[in-house]
Amino acid sequence: RHIAQKWDADADGVLRGIQPNTHDIDLAGVNTFMGTLWLAALRALEELATFVGDDEIATEAHARFESGSRIYDEMLFNGTHYIQKLDESDPSDFQWMTGILSDQVIGQWWAHQLGLGHILPEAHVKSALRHVVATNLKHNFEGFEHGYRVYADAADDSGLLMCSWPEGGRPEVPTRYADEVWSGIEYQVAAHCIWEGLDAEADAVLDALWTRHDGRRRNPYNEIECGDHYARAMAGWTVLQARSGVRVDELSGVMHLAREGRWPWLSSTGYGTVTVTGDRVEISCAYGAIDIDVCRDGSSDVCHVSLLAGAEPAVLDLPESDS
């Protein structure tokens, strides 16, 4: 309610005004960095309200989401990526304007983690991600001018810049940390690329990150950014989530599977592994217990699994799709 009243007072699903954020600045105007987080929150609220039977809140959240998604896309998608538009009274310092911000669709990454689907048009999201990787993934940082902190500095370093202006238009006072390389944002963008089916782009970003932290000059167990063992680098776990395609939805009691392979699963009651080979699914419980329905994405077939740690694996026949 606080966010709705202060930044979305007209209930159109678009945040306006001064918007504090994790870049240690205030963003302003209409922008998809803060906006997609709001859209994802509205979709999550809609699902939660529907689950508890609060139709009034669910309807309000849905209306705000539909309006906001349409307005953000119509106002800010320029044919390749999402830009920022300021109102006349908004400050221009520390903004990104027409630049390519690596965080520009961060809320969509979050929405995929929660199984909420696309919050902006899928084709435009994919275009924005392709553009982020194509323009912001820099190779060779020798002699590169760093305005703040240095996380890539050698000729053989590669990394994803926070923001760039390849076609000009860089503000006199650009968004803070624009020229930095943050491992947490690299993980976010890479995981999002995987969810969108952009595996080549994901691999390029991950290769840059992991090569910088391969043990020769930097610690592979401390992908430093902002500080040692910084929490944002834990976004790396979402790469595993995206790559595995395993999502445990405890609200509905369903484990969703998307990709073949042997993967870990984790829930509030236990953890174990799931192996997907063709139509065959094998689930093991290593600790605790699991009592859940299991389905393959694209299929209406569901099997129930109830296992305690140490029990024989459950073997299921689950086709990948109905077609």
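Buried means under 20% relative accessible area, exposed over 50%, and partly exposed anything in between, with a 1.4 Å probe and protein chains only. This is a predicted model, in which local features need pLDDT of at least 70 and side-chain atom pairs count only at pLDDT 80 or more, while totals for chains, interfaces and linings use all residues. Residues are numbered from 1 along each chain as its sequence is written, and side-chain values use heavy atoms, with hydrogens and water left out.

**View 1. Ala 231 sits in the loop between helix H7 (199-212) and helix H8 (236-244).** Helices (H or I, at least four residues) and strands (E, at least two) are DSSP runs, numbered from the N terminus. Ala 231 counts as exposed because its relative accessibility is 54%. From Ala 231 to Trp 165 there are 66 residues in sequence and 28 Å in space, C-alpha to C-alpha.

**View 2. Helix H2 covers residues 32-51.** Its 20 residues reach 28 Å from the first C-alpha to the last, close to the 28 Å expected at 1.5 Å a residue; the expected span is 1.5 Å times one less than the number of residues. At the N-terminal end, Asn 31 acts as the cap of H2, with a side-chain oxygen 3.3 Å from the backbone nitrogen of Phe 33. After H2 comes Gly 53, with a positive phi near 80 degrees.

**View 3. A nonpolar surface patch is formed by Leu 48, Phe 51, Val 52 and Leu 251.** Together these residues have about 400 Å² of accessible area, computed by the Shrake-Rupley method with a 1.4 Å probe, where for residues only the protein chains shown count as cover. Patches are made of residues with over 30% relative accessible area and no salt bridge, joining like charges within 9 Å and nonpolar side chains (Val, Leu, Ile, Met, Phe, Trp, Tyr) within 5 Å. Val 52 lies in the loop between H2 and helix H3 (55-76), and its 61% relative accessibility is why Val 52 counts as exposed.

**View 4. Helix H5 (residues 122-136) meets strand S6 through a side-chain contact between Asn 136 and Ser 164.** The 15 residues of H5 should span 21 Å at 1.5 Å a residue, and the end C-alpha atoms are indeed 21 Å apart. Which residues of H5 are buried? They are Val 125, Ser 127, Ala 128, Leu 129, His 131, Val 132, Val 133 and Asn 136. Ser 164, in strand S6 (residues 163-164), is also buried, at 10% relative accessibility. The side chains of Ser 164 and Asn 136 make a polar contact at 2.5 Å; such a contact is a pair of N or O atoms within 3.5 Å, where within protein one must be able to donate a hydrogen and the other to accept it, and residues adjacent in sequence count only if both atoms are side-chain atoms.

**View 5. The largest nonpolar core has 60 residues.** Those with the most contacts inside it are Tyr 72, Tyr 82, Leu 120, Leu 129, Val 189 and Cys 193. A second, separate core has 18 residues, including Ile 283, Cys 285, Val 294 and Leu 307. A nonpolar core is a set of buried Ala, Val, Leu, Ile, Met, Phe, Trp, Tyr and Cys residues joined through side-chain atoms within 4.5 Å.

**View 6. Arg 64 and Asp 8 form a salt bridge, with their closest N and O atoms 2.7 Å apart.** Arg 64 lies in helix H3 and Asp 8 in the loop between helix H1 (2-7) and strand S1 (19-20), so the pair ties together parts that are 56 residues apart in sequence. A salt bridge is a side-chain nitrogen of Lys or Arg within 4 Å of a carboxyl oxygen of Asp or Glu, and by this rule the count comes to 22. Are Arg 64 and Asp 8 buried or exposed? Arg 64 is buried, at 10% relative accessible area, and Asp 8 is buried too, at 0%. Arg 1, Asp 8, Glu 60 and Arg 64 are linked in a network of salt bridges.

**View 7. Arg 217 and Asp 153 meet in a salt bridge at 3.0 Å, N to O.** Arg 217 comes from the loop between H7 and H8 and Asp 153 from the loop between S4 and S5, so the pair ties together parts that are 64 residues apart in sequence. Arg 217 is exposed at 53% relative accessibility, whereas Asp 153 is partly exposed at 34%.
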